Amino acid sequence: MEETRESKLAPEQKAAAVIVSLGADKASKIYKHLSESDIERLTIEVAKLGHISPDEMELVLDEFYKTCLTQKVVTDGGMEYARAVLEKAFGESTAQSLLDKLSKSLKIRPFEFIRKSNAKNLISFLQHERPQTIALVLAYADSDQASAVIGELPKEKRIKVVEAIARMESASPEAIKVVEDSLRKRFEGMVTTDVTTVGGIDYIADVMNHMDRANEKYIFDELGKSDEELAETIRKKMFVFEDIVSMDNRSIQRFIRECDVKDIVYALKGSDENIKELVFSNVSSRMAESIRSDLEITVNVRLRDVEEAQQRIVGVIRRLEEAGELIIVKSGKDEIIA
């Protein structure tokens with residue numbers, strides 16, 4: 001087997017060498033994506049670099065190419081796919097070395113299979129697990145996946161899982177390995193060597209933001225009975241339909257323009273007078289009168305339809321906030337400067 005040669009330069013010197021090899025034009029494009037501190041450190045290393053032999057430069061660029069390739073195949077196809085590609089290209093020893101380096105530098109999350117599995121499979125797989133096990137696995141899932149799984153769990157287990165995720169701060173490598181080993185036969189997994197921050201209030205708030213209104217209300221009602229303070233802490237990190245009372249008039253007017261009038265009517269059907277008046281005061285008199293008229297003739301509305309309409313409006317608000325077109329104030333966290 002061909003011996004793998006590596007550059008003896010320090011990591012920061014290798015970065016400087018790559019920048020030098022790219023030339024000023026391409027290097028300037030990379031600089032645009034770096035922080036000021038990284039730009040300063042990199043520029044200093046470039047200035048200190050001095051002469052590098054062609055052989056040394058070739059080693060640096062070869063290592064850089066392999067690192068880029070490793071990251072791409074891991075991102076595109078997962079660890080096992082990456083391992084197969086790299087072993088075929090560079091041999092087993094080099095492949096393992098590249099994957100080890102990438103794992104340390106990127107701190108790749110465990111339970112990689114989660115992000116490639118659909119919610120239906122995850123629900124089927126996790127529903128009979130202990131709440132603590134489900135919480136650990138979902139803490140590494142995308143929030144919409146976690147929300148879908150929690151929403152389908154038995155009612156008493158939903159509360160325990162939400163509480164377990166909210167109280168979670170870190171997970172030891174040993175705990176993660178035990179869970180991953182038990183799942184290995186059915187799903188691909190990987191183990192991190194570091195203690196990793198998982199779960200927590202911000203995460204479960206994001207999960208709850210993706211939850212349907214019926215489950216959201218049930219979970220908060222039940223969680224409030226056992227730990228009112230925790231329920232309130234999570235709620236303060238979220239944005240729910242009733243929170244439109246905290247929005248400024250311009251933001252209210254903005255999201256109303258994006259909403260279906262039928263959704264507004266249904267949403268207001270289940271709202272108190274304060275919310276109704278807030279909406280009426282932010283639409284034209286003609287539209288306000290039309291909505292009032294629709295509210296009067298819209299009868300025998302199912303609670304589920306009201307909740308779904310409210311959820312769609314909240315979805316519009318979150319989308320507009322992400323686009324920077326309106327402002328959501330959460331628990332006094334955001335300060336508005338006129």
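**Salt bridges and buried charges in a helical chain**

I start with one pair: Arg167 forms a salt bridge with Glu163, and their closest N and O atoms are 3.4 Å apart. A salt bridge here is a side-chain nitrogen of Lys or Arg within 4 Å of a carboxyl oxygen of Asp or Glu. This is a predicted model, so local features need pLDDT of at least 70 and side-chain atom pairs count only at pLDDT 80 or more, while totals for chains, interfaces and linings use all residues. Residues are numbered from 1 along each chain as its sequence is written, and side-chain values use heavy atoms, with hydrogens and water left out.

Back to the pair. Arg167 and Glu163 both lie in helix α10, four residues apart, which is about one turn of the helix. Helices (H or I, at least four residues) and strands (E, at least two) are DSSP runs, numbered from the N terminus. Are these two residues buried or exposed? Neither: Arg167 is partly exposed, with a relative accessible area of 45%, and Glu163 is partly exposed at 21%. The cut-offs are these: buried means under 20% relative accessible area, exposed means over 50%, and partly exposed is in between (1.4 Å probe, protein chains only).

Now the helix itself. α10 has 13 residues and reaches 19 Å from its first C-alpha to its last, close to the 18 Å expected at 1.5 Å a residue. The expected span is 1.5 Å times one less than the number of residues. The buried residues of α10 include Ile159, Val161, Val162 and Ile165. Lys157 and Arg158 are also buried there.

Lys157 deserves a stop. Its place is in α10, which covers residues 155-167. Which side chain of opposite charge is nearest to Lys157? It is Glu156, 7.2 Å away, and Lys157 has no salt bridge although it is buried. For charge, Lys and Arg count as positive and Asp and Glu as negative; His and the chain ends are not counted. Leaving out residues up to four places away in sequence, Lys157 touches Gln127, His128, Glu129, Pro131 and Ile134. Touching means contact, that is, heavy atoms within 4.5 Å.

Next, a buried lysine that does have a partner. Lys66 forms a salt bridge with Asp62, with the closest N and O atoms 3.2 Å apart. Both lie in helix α4 (residues 54-77), four residues apart, about one turn of the helix. Lys66 is buried, with a relative accessible area of 13%, whereas Asp62 counts as partly exposed at 32%.

A third pair sits between helices. Glu277 forms a salt bridge with Arg292, the closest N and O atoms being 3.8 Å apart. This pair links distant parts of the chain: Glu277 is in helix α17 (residues 273-280) and Arg292 in helix α18, 15 residues apart. Glu277 is partly exposed at 39%, and Arg292 is partly exposed at 31%. Elsewhere, salt bridges that share partners join Arg254, Glu258, Arg319 and Glu325 into one network. How many salt bridges are found in the whole structure? The search finds 14.

Arg254 brings us to α15. The buried residues of α15 are Ser251, Ile252, Arg254, Phe255 and Ile256, and they pack against α16, α17, α18 and α19. At the start of α15, a side-chain oxygen of Asp248 reaches to within 3.1 Å of the backbone nitrogen of Arg250. That is a polar contact, meaning a pair of N or O atoms within 3.5 Å; within protein, one must be able to donate a hydrogen and the other to accept it, and residues adjacent in sequence count only if both atoms are side-chain atoms.

Two loop residues remain. Asp260 is in the loop between α15 (249-258) and α16 (261-269), and a polar atom of its side chain lies 2.7 Å from the backbone nitrogen of Lys262. Asp260 is partly exposed, at 47%. Asn300 lies in the loop between α18 (285-297) and α19 (303-322), and is exposed, at 78%. Its phi is near 55°, a positive value in a residue other than glycine. Most residues other than glycine have a negative phi.

Last, the whole chain. The protein chain has 19 helices and two strands. Of its 338 residues, 41% count as buried. Among contacts between residues at least 6 apart in sequence, 75% join residues at least 24 apart.
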